[in-house]
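Me: Could you take a close look at one part of this model for me? I would like to see how a single loop residue sits in its surroundings, and then how that fits the chain as a whole.

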Amino acid sequence: VDSPDWHRVTAFGKDAEYIAKYAHKGDPLAVECAIRPGKWTDKDNATHFDVTLVVERILWLGPKKQG
C-alpha cells in the first residue's frame, strides 16, 4: 500500500460513547459500517454527492499503541 485511504465515519449512541472513551489516534481498529449515499444541492444550484459511513460494529485488531 502506497498511502492510506481516509474516510469520514459517523457513530451514534453507545458506539459513539465507546469510541470517544477508548479509541485513540493510531489504535488498530476494524469498523463495520453501513454505507449511506447522499445528495444535496448548494446555493448555486450545483448538485453534490457524498457517502456517509455509519458504524455498526467496532473490533480492536491488536494491542493499543504505546504513548
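Reply: Happy to. Of the 67 residues in this predicted chain, 10% count as buried, and D27 is a buried residue, so let us start there: its relative accessible area is 11%, under the 20% cut-off. As for its place in the chain, D27 sits in the loop that links α1 (13-22) to β2 (29-41). The side chain of D27 also has a polar partner in the backbone: one of its polar atoms lies 2.7 Å from the backbone nitrogen of H24.

Now let us step back to the chain around that loop. Its elements are one helix and three strands, and read from the N terminus they come in the order β-α-β-β. The chain is more spread out than a compact globule, because its radius of gyration is 15 Å, well over the 11 Å that the globule rule gives for 67 residues. Along the principal axes, the C-alpha atoms fill a box of roughly 50 × 35 × 20 Å.

Contacts across the sequence add to the picture: among those with a separation of 6 or more, 55% come from residues 24 or more positions apart.

Finally, the surface and the charges. The accessible surface of the chain is about 6100 Å², and carbon and sulfur atoms hold 54% of that area. D27 has an acidic side chain, and the chain carries 10 negative and 10 positive side chains. The centres of these two sets lie 6 Å apart.

Note on methods. Residues numbered from 1 in each chain as written. Predicted model: local features only at pLDDT ≥ 70, side-chain atom pairs only at ≥ 80, totals over all residues. Heavy atoms only, no water. Helix = DSSP H or I, 4+ residues; strand = E, 2+ residues; numbered from the N terminus. Rg over C-alpha atoms; globule rule 2.2 N^0.38 Å. Buried < 20%, exposed > 50% of the residue type's maximum accessible area, 1.4 Å probe, protein only. Contact = heavy atoms within 4.5 Å. Areas by Shrake-Rupley, 256 points an atom, 1.4 Å probe, with all protein chains shown as cover. Charge placed at Lys NZ, Arg CZ, Asp CG, Glu CD. Polar contact = N/O pair within 3.5 Å; in protein donor to acceptor, adjacent residues only side chain to side chain.
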